[in-house]
Amino acid sequence: MAFLSDTLARVKPSPTIAVTNKALEMKAAGEDVIGLGAGEPDFDTPQNIKDAAKRAIDEGRTKYTAVDGIPELKSAICAKFARENNLTYTPQQVSVGTGGKQVLYNALMATLNPGDEVIIPAPYWVSYPDMVLLAGGTPVAIEGPMQTGYKITPDQLEAAITPRTKWFLFNSPSNPTGAGYSRAELKGLTDVLMRHPHVWVMTDDMYEHLVFDDFRFVTPAEVEPGLYDRTLTVNGVSKAYAMTGWRIGYAAGPVELIRAMAKVQSQSTSNPCSVSQWAAVEALNGPQDFLAPNRVLFQRRRDLVVGLLNRAPGIECPVPEGAFYVYPSIAGCIGKTSRGGARIVDDEAFATALLEETGVALVHGAAFGLSPNFRISYATSDAALEDACRRIIAFCEGLG
Ligand SMILES: Cc1ncc(COP(=O)(O)O)c(C=O)c1O
(Lines give C-alpha, C1' and ligand atoms only; values in the text may rest on other atoms or scores of the structure.)
Protein backbone atom coordinates (compact mmCIF):
# COMPACT_ATOMS: atom_id res chain seq x y z
CA MET A 1 0.00 0.00 0.00
CA ALA A 2 1.77 3.16 -1.25
CA PHE A 3 0.25 5.22 1.58
CA LEU A 4 2.52 3.53 4.16
CA SER A 5 6.10 4.66 4.59
CA ASP A 6 9.07 3.02 2.89
CA THR A 7 10.71 2.69 6.30
CA LEU A 8 7.84 0.60 7.59
CA ALA A 9 8.12 -1.67 4.56
CA ARG A 10 11.64 -2.62 5.71
CA VAL A 11 10.33 -3.79 9.10
CA LYS A 12 9.17 -7.38 9.42
CA PRO A 13 5.90 -8.16 11.15
CA SER A 14 6.60 -9.91 14.46
CA PRO A 15 7.39 -13.54 13.64
CA THR A 16 5.99 -14.57 17.00
CA ILE A 17 2.50 -13.32 16.18
CA ALA A 18 1.45 -16.32 14.07
CA VAL A 19 2.11 -18.80 16.89
CA THR A 20 0.56 -16.52 19.50
CA ASN A 21 -2.59 -16.00 17.42
CA LYS A 22 -2.91 -19.68 16.75
CA ALA A 23 -2.56 -20.45 20.48
CA LEU A 24 -5.23 -17.87 21.31
CA GLU A 25 -7.59 -19.32 18.69
CA MET A 26 -7.11 -22.83 20.07
CA LYS A 27 -7.69 -21.63 23.64
CA ALA A 28 -10.85 -19.81 22.59
CA ALA A 29 -12.04 -23.05 21.00
CA GLY A 30 -11.67 -24.72 24.41
CA GLU A 31 -8.45 -26.63 23.68
CA ASP A 32 -5.89 -27.41 26.36
CA VAL A 33 -3.04 -25.01 25.48
CA ILE A 34 0.09 -24.33 27.56
CA GLY A 35 1.70 -21.01 26.63
CA LEU A 36 5.45 -20.81 27.13
CA GLY A 37 5.92 -17.69 25.05
CA ALA A 38 5.46 -14.81 27.50
CA GLY A 39 8.62 -12.97 28.54
CA GLU A 40 7.49 -11.84 31.95
CA PRO A 41 7.69 -13.06 35.55
CA ASP A 42 4.58 -14.96 36.63
CA PHE A 43 4.40 -13.35 40.07
CA ASP A 44 2.92 -10.08 41.24
CA THR A 45 4.69 -6.73 41.76
CA PRO A 46 5.90 -6.58 45.42
CA GLN A 47 3.44 -4.91 47.83
CA ASN A 48 5.77 -2.06 48.90
CA ILE A 49 6.00 -0.98 45.26
CA LYS A 50 2.23 -1.08 44.77
CA ASP A 51 1.79 0.92 47.98
CA ALA A 52 4.19 3.60 46.72
CA ALA A 53 2.10 3.92 43.56
CA LYS A 54 -1.12 4.24 45.58
CA ARG A 55 0.50 6.94 47.71
CA ALA A 56 1.60 8.78 44.58
CA ILE A 57 -1.98 8.80 43.32
CA ASP A 58 -3.35 9.98 46.68
CA GLU A 59 -0.74 12.73 46.87
CA GLY A 60 -1.78 13.98 43.43
CA ARG A 61 1.40 13.04 41.60
CA THR A 62 -0.69 12.66 38.50
CA LYS A 63 0.52 15.48 36.26
CA TYR A 64 3.14 15.77 33.51
CA THR A 65 6.66 15.38 34.83
CA ALA A 66 10.07 16.29 33.45
CA VAL A 67 10.28 14.60 30.02
CA ASP A 68 12.93 12.03 30.86
CA GLY A 69 12.18 11.39 34.51
CA ILE A 70 11.53 12.92 37.92
CA PRO A 71 14.65 13.94 39.91
CA GLU A 72 13.82 11.41 42.66
CA LEU A 73 13.91 8.53 40.18
CA LYS A 74 17.06 9.78 38.51
CA SER A 75 18.73 9.89 41.95
CA ALA A 76 17.53 6.37 42.73
CA ILE A 77 18.97 5.19 39.39
CA CYS A 78 22.34 6.85 40.09
CA ALA A 79 22.38 5.12 43.50
CA LYS A 80 21.54 1.79 41.87
CA PHE A 81 24.39 2.08 39.35
CA ALA A 82 26.85 3.00 42.12
CA ARG A 83 25.63 0.22 44.46
CA GLU A 84 25.28 -2.64 41.99
CA ASN A 85 27.57 -1.84 39.06
CA ASN A 86 30.37 0.35 40.46
CA LEU A 87 29.38 3.01 37.92
CA THR A 88 29.25 6.70 38.82
CA TYR A 89 26.61 8.75 37.02
CA THR A 90 25.04 12.13 37.71
CA PRO A 91 21.29 12.69 37.21
CA GLN A 92 22.07 14.64 33.99
CA GLN A 93 23.47 11.39 32.59
CA VAL A 94 20.23 9.48 33.21
CA SER A 95 17.18 9.03 30.97
CA VAL A 96 13.91 7.39 32.01
CA GLY A 97 11.44 6.12 29.41
CA THR A 98 8.33 4.04 28.94
CA GLY A 99 10.14 0.73 29.34
CA GLY A 100 13.63 -0.25 28.37
CA LYS A 101 12.18 -0.67 24.90
CA GLN A 102 11.53 3.05 24.49
CA VAL A 103 14.93 3.93 25.90
CA LEU A 104 16.69 1.67 23.37
CA TYR A 105 14.51 3.05 20.59
CA ASN A 106 15.20 6.68 21.58
CA ALA A 107 18.94 6.04 21.55
CA LEU A 108 18.81 4.52 18.07
CA MET A 109 16.52 7.27 16.75
CA ALA A 110 18.80 9.92 18.21
CA THR A 111 21.99 8.57 16.65
CA LEU A 112 21.46 6.56 13.44
CA ASN A 113 21.87 7.94 9.94
CA PRO A 114 21.09 5.92 6.80
CA GLY A 115 23.84 3.35 6.28
CA ASP A 116 25.00 3.34 9.91
CA GLU A 117 25.56 -0.21 11.08
CA VAL A 118 24.59 -1.74 14.41
CA ILE A 119 26.28 -5.02 15.34
CA ILE A 120 23.87 -7.40 17.08
CA PRO A 121 24.90 -10.83 18.39
CA ALA A 122 22.40 -13.51 17.32
CA PRO A 123 20.26 -15.02 18.66
CA TYR A 124 18.90 -11.61 19.66
CA TRP A 125 15.83 -10.09 21.26
CA VAL A 126 13.30 -9.84 18.41
CA SER A 127 12.99 -6.06 18.59
CA TYR A 128 16.65 -5.08 18.06
CA PRO A 129 16.99 -5.47 14.28
CA ASP A 130 13.61 -3.93 13.55
CA MET A 131 14.22 -0.97 15.83
CA VAL A 132 17.49 -0.35 13.98
CA LEU A 133 15.62 -0.54 10.65
CA LEU A 134 12.92 1.84 11.88
CA ALA A 135 15.62 4.30 12.89
CA GLY A 136 17.11 4.11 9.38
CA GLY A 137 20.17 2.02 10.25
CA THR A 138 21.44 -1.37 9.12
CA PRO A 139 21.48 -4.30 11.56
CA VAL A 140 24.52 -6.56 11.26
CA ALA A 141 24.00 -9.90 13.00
CA ILE A 142 26.87 -12.09 14.22
CA GLU A 143 25.93 -15.64 15.16
CA GLY A 144 26.83 -17.06 18.54
CA PRO A 145 26.21 -20.80 18.04
CA MET A 146 25.26 -23.34 20.70
CA GLN A 147 28.82 -24.71 20.68
CA THR A 148 30.12 -21.44 22.19
CA GLY A 149 27.23 -21.18 24.64
CA TYR A 150 25.36 -18.85 22.27
CA LYS A 151 28.10 -16.25 22.76
CA ILE A 152 30.16 -14.47 20.13
CA THR A 153 33.96 -14.41 20.18
CA PRO A 154 36.26 -11.37 20.10
CA ASP A 155 37.44 -12.41 16.61
CA GLN A 156 33.86 -12.40 15.32
CA LEU A 157 33.30 -8.93 16.74
CA GLU A 158 36.57 -7.66 15.27
CA ALA A 159 35.62 -9.03 11.83
CA ALA A 160 32.17 -7.41 11.89
CA ILE A 161 33.37 -3.87 12.64
CA THR A 162 33.52 -1.51 9.64
CA PRO A 163 33.98 2.26 9.34
CA ARG A 164 30.13 2.47 9.29
CA THR A 165 29.67 0.66 12.63
CA LYS A 166 28.01 3.01 15.08
CA TRP A 167 26.87 0.73 17.89
CA PHE A 168 27.58 -2.67 19.33
CA LEU A 169 24.26 -3.75 20.88
CA PHE A 170 25.00 -6.17 23.68
CA ASN A 171 22.60 -8.17 25.90
CA SER A 172 23.71 -10.40 28.79
CA PRO A 173 22.01 -12.43 30.22
CA SER A 174 20.31 -12.81 26.90
CA ASN A 175 16.77 -13.02 25.71
CA PRO A 176 16.30 -15.59 24.09
CA THR A 177 19.15 -17.89 25.22
CA GLY A 178 19.80 -16.97 28.85
CA ALA A 179 23.51 -16.85 27.97
CA GLY A 180 25.55 -14.64 30.28
CA TYR A 181 29.07 -13.39 29.53
CA SER A 182 31.58 -13.81 32.36
CA ARG A 183 33.94 -10.97 33.20
CA ALA A 184 36.73 -12.65 31.19
CA GLU A 185 34.47 -13.26 28.18
CA LEU A 186 33.23 -9.68 28.23
CA LYS A 187 36.77 -8.35 28.63
CA GLY A 188 37.64 -10.16 25.38
CA LEU A 189 34.93 -8.11 23.63
CA THR A 190 35.72 -4.80 25.33
CA ASP A 191 39.41 -5.21 24.35
CA VAL A 192 38.27 -5.31 20.72
CA LEU A 193 36.08 -2.24 21.23
CA MET A 194 39.00 -0.33 22.76
CA ARG A 195 40.78 -0.70 19.41
CA HIS A 196 37.82 0.90 17.57
CA PRO A 197 37.07 4.27 19.16
CA HIS A 198 34.29 5.12 16.70
CA VAL A 199 32.10 2.23 17.95
CA TRP A 200 29.71 2.94 20.83
CA VAL A 201 28.28 0.31 23.16
CA MET A 202 24.60 -0.05 23.95
CA THR A 203 24.26 -2.65 26.68
CA ASP A 204 20.86 -4.05 27.59
CA ASP A 205 21.19 -5.27 31.19
CA MET A 206 17.51 -6.05 31.68
CA TYR A 207 18.15 -9.52 33.16
CA GLU A 208 20.95 -8.42 35.50
CA HIS A 209 19.28 -9.81 38.63
CA LEU A 210 18.25 -13.13 37.14
CA VAL A 211 21.54 -15.05 37.26
CA PHE A 212 22.20 -18.52 38.61
CA ASP A 213 24.77 -20.74 40.30
CA ASP A 214 27.95 -18.75 40.84
CA PHE A 215 27.56 -16.57 37.74
CA ARG A 216 28.39 -12.93 38.46
CA PHE A 217 26.76 -10.25 36.34
CA VAL A 218 29.05 -7.58 34.86
CA THR A 219 28.38 -4.71 32.46
CA PRO A 220 30.77 -3.35 29.79
CA ALA A 221 31.58 0.07 31.31
CA GLU A 222 32.39 -1.66 34.62
CA VAL A 223 34.67 -4.24 32.99
CA GLU A 224 36.41 -1.62 30.84
CA PRO A 225 36.24 1.91 32.29
CA GLY A 226 37.89 3.13 29.09
CA LEU A 227 34.51 2.60 27.39
CA TYR A 228 32.54 4.72 29.89
CA ASP A 229 32.44 7.78 27.60
CA ARG A 230 30.88 5.83 24.73
CA THR A 231 28.60 3.40 26.54
CA LEU A 232 24.87 3.62 27.10
CA THR A 233 23.95 1.30 29.97
CA VAL A 234 20.28 0.34 29.69
CA ASN A 235 18.23 -1.34 32.39
CA GLY A 236 14.69 -1.34 33.78
CA VAL A 237 12.35 -2.54 36.48
CA SER A 238 10.21 -4.85 34.31
CA LYS A 239 11.93 -8.19 34.85
CA ALA A 240 13.66 -7.90 38.24
CA TYR A 241 10.69 -6.34 40.05
CA ALA A 242 7.88 -8.04 38.11
CA MET A 243 6.77 -4.65 36.76
CA THR A 244 6.31 -5.32 33.03
CA GLY A 245 3.00 -3.46 32.87
CA TRP A 246 4.22 -0.34 34.65
CA ARG A 247 6.48 0.56 31.71
CA ILE A 248 9.59 2.05 33.28
CA GLY A 249 13.06 1.60 31.80
CA TYR A 250 16.15 3.75 32.06
CA ALA A 251 19.66 4.31 30.78
CA ALA A 252 22.80 6.20 31.74
CA GLY A 253 25.50 7.53 29.47
CA PRO A 254 27.17 10.66 28.10
CA VAL A 255 25.17 13.86 28.66
CA GLU A 256 25.02 14.83 24.98
CA LEU A 257 23.42 11.49 24.08
CA ILE A 258 21.02 11.65 27.03
CA ARG A 259 19.89 15.15 25.91
CA ALA A 260 19.37 13.91 22.36
CA MET A 261 17.28 11.01 23.64
CA ALA A 262 15.15 13.43 25.68
CA LYS A 263 14.58 15.44 22.50
CA VAL A 264 13.20 12.34 20.74
CA GLN A 265 11.00 11.52 23.74
CA SER A 266 9.79 15.12 24.09
CA GLN A 267 8.32 15.00 20.57
CA SER A 268 6.82 11.54 20.87
CA THR A 269 5.49 10.38 24.22
CA SER A 270 6.75 12.97 26.77
CA ASN A 271 7.26 11.64 30.28
CA PRO A 272 6.70 8.04 31.32
CA CYS A 273 3.65 7.53 33.57
CA SER A 274 4.10 9.67 36.71
CA VAL A 275 2.65 7.05 39.07
CA SER A 276 4.88 4.33 37.63
CA GLN A 277 7.92 6.55 38.15
CA TRP A 278 7.13 6.79 41.88
CA ALA A 279 6.67 3.03 41.99
CA ALA A 280 10.09 2.63 40.37
CA VAL A 281 11.66 4.92 43.01
CA GLU A 282 10.42 2.47 45.64
CA ALA A 283 11.55 -0.55 43.60
CA LEU A 284 15.12 0.77 43.42
CA ASN A 285 15.37 2.39 46.87
CA GLY A 286 13.20 -0.05 48.86
CA PRO A 287 14.01 -3.50 50.25
CA GLN A 288 15.70 -5.81 47.73
CA ASP A 289 15.22 -8.99 49.73
CA PHE A 290 12.77 -10.69 47.38
CA LEU A 291 15.37 -10.82 44.57
CA ALA A 292 17.33 -13.72 46.11
CA PRO A 293 14.34 -16.09 46.59
CA ASN A 294 13.24 -15.30 43.03
CA ARG A 295 16.63 -16.30 41.74
CA VAL A 296 16.34 -19.61 43.63
CA LEU A 297 12.86 -20.21 42.21
CA PHE A 298 13.92 -19.50 38.63
CA GLN A 299 17.06 -21.60 38.97
CA ARG A 300 14.98 -24.56 40.13
CA ARG A 301 12.64 -24.16 37.17
CA ARG A 302 15.58 -23.84 34.78
CA ASP A 303 17.00 -27.13 36.08
CA LEU A 304 13.60 -28.82 35.81
CA VAL A 305 13.12 -27.73 32.19
CA VAL A 306 16.69 -28.42 31.03
CA GLY A 307 16.60 -31.88 32.65
CA LEU A 308 13.30 -32.83 31.01
CA LEU A 309 14.05 -31.38 27.56
CA ASN A 310 17.33 -33.28 27.34
CA ARG A 311 15.30 -36.49 27.60
CA ALA A 312 13.51 -35.65 24.34
CA PRO A 313 15.07 -37.41 21.31
CA GLY A 314 16.49 -34.87 18.84
CA ILE A 315 16.65 -32.02 21.37
CA GLU A 316 19.81 -30.69 22.97
CA CYS A 317 19.36 -28.11 25.71
CA PRO A 318 22.39 -26.35 27.22
CA VAL A 319 22.22 -24.88 30.73
CA PRO A 320 21.85 -21.07 30.60
CA GLU A 321 23.52 -18.71 33.09
CA GLY A 322 20.54 -16.40 33.54
CA ALA A 323 17.21 -14.82 32.47
CA PHE A 324 14.17 -17.14 32.36
CA TYR A 325 14.56 -18.72 28.94
CA VAL A 326 16.05 -21.89 27.48
CA TYR A 327 16.97 -22.13 23.82
CA PRO A 328 17.47 -25.79 22.88
CA SER A 329 18.63 -26.98 19.48
CA ILE A 330 16.22 -29.23 17.59
CA ALA A 331 18.73 -30.16 14.89
CA GLY A 332 17.98 -33.85 15.57
CA CYS A 333 14.28 -33.38 14.72
CA ILE A 334 14.70 -31.70 11.33
CA GLY A 335 13.68 -33.79 8.32
CA LYS A 336 11.41 -36.06 10.38
CA THR A 337 7.63 -36.42 10.28
CA SER A 338 5.31 -36.06 13.27
CA ARG A 339 2.63 -38.55 14.29
CA GLY A 340 0.10 -36.07 12.91
CA GLY A 341 1.84 -36.18 9.50
CA ALA A 342 3.66 -32.81 9.63
CA ARG A 343 7.08 -32.64 7.96
CA ILE A 344 9.50 -30.91 10.30
CA VAL A 345 11.37 -28.94 7.65
CA ASP A 346 12.48 -26.16 10.01
CA ASP A 347 11.90 -24.79 13.52
CA GLU A 348 8.75 -22.95 12.51
CA ALA A 349 7.24 -26.24 11.25
CA PHE A 350 8.26 -27.85 14.57
CA ALA A 351 6.55 -25.09 16.61
CA THR A 352 3.40 -25.22 14.49
CA ALA A 353 3.10 -29.01 14.62
CA LEU A 354 3.87 -29.07 18.35
CA LEU A 355 1.11 -26.54 19.00
CA GLU A 356 -1.44 -28.28 16.78
CA GLU A 357 -0.70 -31.78 18.04
CA THR A 358 0.12 -31.19 21.73
CA GLY A 359 -1.15 -27.71 22.62
CA VAL A 360 2.30 -26.42 23.67
CA ALA A 361 2.92 -22.88 22.42
CA LEU A 362 6.54 -21.74 22.16
CA VAL A 363 8.52 -19.47 19.85
CA HIS A 364 10.65 -20.87 17.03
CA GLY A 365 14.31 -19.91 16.73
CA ALA A 366 14.13 -18.17 13.34
CA ALA A 367 12.31 -15.33 15.14
CA PHE A 368 15.52 -14.69 17.10
CA GLY A 369 18.00 -15.15 14.27
CA LEU A 370 19.37 -18.65 15.01
CA SER A 371 17.87 -21.93 13.83
CA PRO A 372 16.89 -24.71 14.27
CA ASN A 373 15.92 -23.94 17.87
CA PHE A 374 13.03 -22.85 20.02
CA ARG A 375 12.67 -20.60 23.02
CA ILE A 376 10.78 -21.53 26.13
CA SER A 377 10.04 -18.97 28.81
CA TYR A 378 10.01 -20.86 32.11
CA ALA A 379 8.39 -18.00 33.99
CA THR A 380 5.37 -20.16 34.73
CA SER A 381 4.32 -22.78 37.28
CA ASP A 382 6.28 -26.00 37.85
CA ALA A 383 3.14 -28.00 37.03
CA ALA A 384 2.66 -26.26 33.65
CA LEU A 385 6.35 -26.64 32.85
CA GLU A 386 6.38 -30.32 33.66
CA ASP A 387 3.22 -30.96 31.68
CA ALA A 388 4.58 -29.01 28.68
CA CYS A 389 7.98 -30.74 28.73
CA ARG A 390 6.34 -34.17 28.91
CA ARG A 391 4.20 -33.28 25.89
CA ILE A 392 7.36 -32.15 24.04
CA ILE A 393 9.12 -35.42 24.92
CA ALA A 394 6.14 -37.44 23.67
CA PHE A 395 6.01 -35.34 20.47
CA CYS A 396 9.72 -35.93 19.78
CA GLU A 397 9.39 -39.65 20.55
CA GLY A 398 6.67 -39.76 17.89
CA LEU A 399 8.87 -38.25 15.16
CA GLY A 400 9.88 -40.74 12.50
C1 LIG B 1 16.35 -8.20 26.30
C2 LIG B 1 15.21 -7.30 26.57
N3 LIG B 1 15.41 -5.98 26.54
C4 LIG B 1 14.41 -5.12 26.76
C5 LIG B 1 13.14 -5.56 27.02
C6 LIG B 1 12.07 -4.52 27.22
O7 LIG B 1 11.66 -4.42 28.51
P8 LIG B 1 10.71 -3.24 28.99
O9 LIG B 1 10.38 -2.41 27.80
O10 LIG B 1 9.53 -3.91 29.59
O11 LIG B 1 11.52 -2.47 29.99
C12 LIG B 1 12.87 -6.92 27.04
C13 LIG B 1 11.49 -7.41 27.26
O14 LIG B 1 11.11 -8.49 26.89
C15 LIG B 1 13.93 -7.82 26.82
O16 LIG B 1 13.74 -9.14 26.85
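How far apart are the mean positions of the positive and negative charges of the protein? They sit 2 Å apart, counting 36 positive and 44 negative charges. Keep in mind that this is a predicted model.

**Figure 1. The whole protein, before we zoom in.** Here you'll find 14 helices and 12 strands. The C-alpha atoms fill a box of roughly 60 × 55 × 50 Å along the principal axes. With 400 residues, a compact globule would have a radius of gyration near 21 Å, and the protein has 21 Å, so the two agree. Of those 400 residues, 55% count as buried. The protein exposes about 16,300 Å², with carbon and sulfur atoms supplying 55% of that area. Now take the contacts with a separation of 6 or more: 75% of them come from residues 24 or more positions apart.

**Figure 2. Strand 5 and its parallel partners.** Strands of a sheet pair through backbone hydrogen bonds, either parallel or antiparallel. Strand 5 covers residues 165-171, and 6 of its 7 residues are buried, so the rest of the structure largely encloses this strand. It pairs with strand 3 (residues 117-122) in the parallel sense, over 3 bridges. To find this pairing, look for Glu117, whose bridge partner in strand 5 is Thr165. Strand 5 also pairs with strand 6 (residues 200-204), again in the parallel sense, this time over 5 bridges. There, Leu169 has Met202 of strand 6 as its bridge partner.

**Figure 3. An open sheet of 3 strands.** The order here is 9-12-11, and the pairing is antiparallel. Strand 9 (325-326) and strand 11 (363-364) stand at the edges with a single partner strand each, so one side of each has no neighbour in the sheet. Strand 11 is joined to strand 12 (residues 374-377) by 2 bridges. One pair to look for is His364 with its bridge partner in strand 12, Phe374.

**Figure 4. A glycine in the loop after strand 9.** Gly332 is found in the loop between strand 9 and helix 13 (347-358). Is Gly332 buried or partly exposed? Its relative accessible area is 35%, so Gly332 counts as partly exposed. For a sense of distance, try Pro114: Gly332 and Pro114 are 218 residues apart in sequence and 41 Å apart in space, C-alpha to C-alpha.

**Figure 5. Two cis peptide bonds that lead into prolines.** Most residues other than glycine have a negative phi, and most peptide bonds are trans. The bond from Ala122 to Pro123, though, is cis, with omega near 0°. You'll spot Pro123 in the loop between strand 3 and helix 6 (127-134). Another cis peptide bond joins Ser371 and Pro372, with omega at about -5°. Pro372 belongs to the loop between strand 11 and strand 12, and those strands run antiparallel.

**Figure 6. Positive phi in Tyr150 and Ala242.** Tyr150 isn't a glycine, yet its phi is positive, at about 65°. This residue is found in the loop between strand 4 (138-143) and helix 7 (154-160). Loop or not, Tyr150 has 8% relative accessibility, so it counts as buried, the cut-off being under 20%. Ala242 is a residue other than glycine with a positive phi too, near 50°. Look for Ala242 in the loop between strand 7 (231-236) and strand 8 (249-252). With a relative accessible area of 7%, Ala242 is buried.

Methods. Residues numbered from 1 in each chain as written. Predicted model: local features only at pLDDT ≥ 70, side-chain atom pairs only at ≥ 80, totals over all residues. Heavy atoms only, no water. Helix = DSSP H or I, 4+ residues; strand = E, 2+ residues; numbered from the N terminus. Rg over C-alpha atoms; globule rule 2.2 N^0.38 Å. Buried < 20%, exposed > 50% of the residue type's maximum accessible area, 1.4 Å probe, protein only. Contact = heavy atoms within 4.5 Å. Areas by Shrake-Rupley, 256 points an atom, 1.4 Å probe, with all protein chains shown as cover. Lys, Arg positive; Asp, Glu negative; His and termini not counted. Charge placed at Lys NZ, Arg CZ, Asp CG, Glu CD. Pairing = 2+ DSSP bridges.
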